[in-house]
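Walk me through this structure, one site at a time. Start with a single residue, then move to the ligand, the core and a loop.

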Amino acid sequence: MKNISDIKKGHDHNPLLFPKGFVWGTATSAHQVEGGNTNNDWCSWEQVKGHIANGDVSGSSTNHYELFDKDFDLAKKFGSNAHRLSIEWARLEPEEGKWDENEIEHYRKVFKALKKRRIKIMLTLNHFTLPMWVALKGGWTNKKNVARYQRFVERVIREYGNDIEWWITINEPVVYVTMSYIMGAWPPGKKSFLKAFKSFINLIRAHRSAYKTIHRVIGKNAKVGLANNIISLMSYGTDSWIDYAYVRIIDYIWNHAVYVFTKGYHDFLGVNYYFHQRIERKKGAWSNILVDVRHEKRERSDMGWEIYPHGIFEAVGHLKRYNLPIYITENGIAALNDDKRLRFIVGHLKELYHAIQSGIDIRGYFYWSLLDNFEWDKGFYPRFGIIGVDYATMKRAPRKSAYMFAEIAKRNGIEHKHLTYLGHKVGSHTEHVG
Ligand code: BGC
């Protein structure tokens, strides 16, 4: 305990330290950074006018497919002791049952490159894209594709199993189903509750079968999870029980249903946190209940998403009930103005620090993303990277946030100088309380 005279002396500069062995990394996905993915459902979707903002196509993207060595040098230099990436099914198995040995070798080199730098690997087996031939057979709406996915997973394990530290079976099943089968904004662009439901169930089956397969081949120490997009939710300034019911229902469907259906099939929970939603039901209106915060003049990302660091604290708090280790598998901001990113990263990490202090078992943090990249239907305008990419020259330019991320990761904690991005002033506080 501090005594009062210590407090009067002012600010103590103790860093907010994370637990020993905390994992620091960045994340990417194959289709978003590799370039040259011509054989999956996204590639053909991108060709249609109106599907992607500004008429962008993923094309060569950041050319990470060829530049991965350089990119991993940057990941290492800027503090990552782990990296999350995905493997492109369409490359490995371009036609049903035909395996491309060159592509298999390519990913072997990618994983070796990470291992050489002592960067641990978190591998996503499915990050939104499907091989064209799988999409033509109904994608995730077709139960038979679950067995095909399992065969692919088995091949990946046999090829690279020993190199992988953590497995993510599926990225954001609920986001996928919503965008592809409810909003119709992602391939195959359908709006059908029945198809949404079928694909959700098959994604659950896919997760379970991958979980079992990985454990069967690698053994009981395998670490398998999925990356779930968690929204922090609140009702907006009313005490209405109906609004409260809305919050609970959305919370169940969006945040928890996946866990209910996959109970017993997780070694850890992967959390992607981006969204905070305020909910308000206008009198007589039963839909359109999400509050648009523009009029509140809140700080938002370049994509209009509200920046709400405390939401990550709430998100992990609600997962305590599952009693499993948690990794933040994605958290990031699209911002050309890097000052926003500095505030964003420190703000979210500080909340995670407090969550850990409150007893939540958080083991690691992966910032989205290492590089600027192809942001699905939004194309290339959103800039998520701590490393900027000039798409004309493929030059990489580390942003200030990359240097800050490196300092925090290497120190394994947030120092007072980082808190100045949140408005802390040197020497102006009475006590440093984090
Ligand atoms: C996805 C990423 C995406 C990011 C930013 C996550 O939902 O997994 O692929 O780029 O959010 O929108």
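Two residues are in contact here when heavy atoms lie within 4.5 Å. The model is a predicted one. With that cut-off in hand, take K223. Leaving out residues up to four places away in sequence, K223 touches E165, W166, W167, D267 and F268. One of these partners, E165, is 58 residues from K223 along the chain. Yet the C-alpha atoms of K223 and E165 are separated by 6.9 Å. K223 sits in the loop between α10 (193-218) and β6 (224-235). Is K223 buried, exposed or partly exposed? Its relative accessible area is 29%, so K223 counts as partly exposed. The buried class needs a value under 20%, and the exposed class one over 50%.

Next, the ligand. It is surrounded by 13 residues. The closest are Q32, H127, N171, E172 and E375. By class, this shell holds six nonpolar, four polar and three charged residues. Several side chains pair with ligand oxygen. A polar side-chain atom of H127 is 2.8 Å from an oxygen atom of the ligand. For N171, a polar side-chain atom also lies 2.8 Å from a ligand oxygen atom. In the side chain of Y274, an N or O atom is 3.5 Å from an oxygen atom of the ligand. How much of the ligand does the protein bury? Taken alone, the ligand exposes 310 Å², and the protein buries 94% of that.

Now the interior. In soluble globular proteins, nonpolar side chains tend to be buried together. Here the largest nonpolar core has 132 residues. Those with the most contacts inside this core are I87, F111, L123, Y149 and I362. Take Y149 as one of them. Setting aside residues up to four places away in sequence, Y149 touches W89, L125, N126, W140, T169, I170, A206 and A210.

Last, a charged residue. D372 is found in the loop between β9 (362-368) and β10 (387-390). Why does D372 count as buried? Its relative accessibility is 0%, so D372 falls in the buried class. The side chain of D372 reaches the backbone nitrogen of G385 at 2.9 Å. G385 is also among the contacts of D372 beyond four places in sequence. The others are T62, R383, F384, I387, G388, V389, Y391 and R399.

Set the two loop residues side by side. K223 is partly exposed at 29%, whereas D372 is buried at 0%.

Methods
Residues numbered from 1 in each chain as written. Predicted model: local features only at pLDDT ≥ 70, side-chain atom pairs only at ≥ 80, totals over all residues. Heavy atoms only, no water. Helix = DSSP H or I, 4+ residues; strand = E, 2+ residues; numbered from the N terminus. Buried < 20%, exposed > 50% of the residue type's maximum accessible area, 1.4 Å probe, protein only. Near = heavy atom within 4 Å. Polar contact = N/O pair within 3.5 Å; in protein donor to acceptor, adjacent residues only side chain to side chain. Areas by Shrake-Rupley, 256 points an atom, 1.4 Å probe, with all protein chains shown as cover. Nonpolar A, V, L, I, M, F, W, Y, C, P; charged D, E, K, R; others polar. Core = buried A, V, L, I, M, F, W, Y, C linked by side-chain atoms within 4.5 Å.
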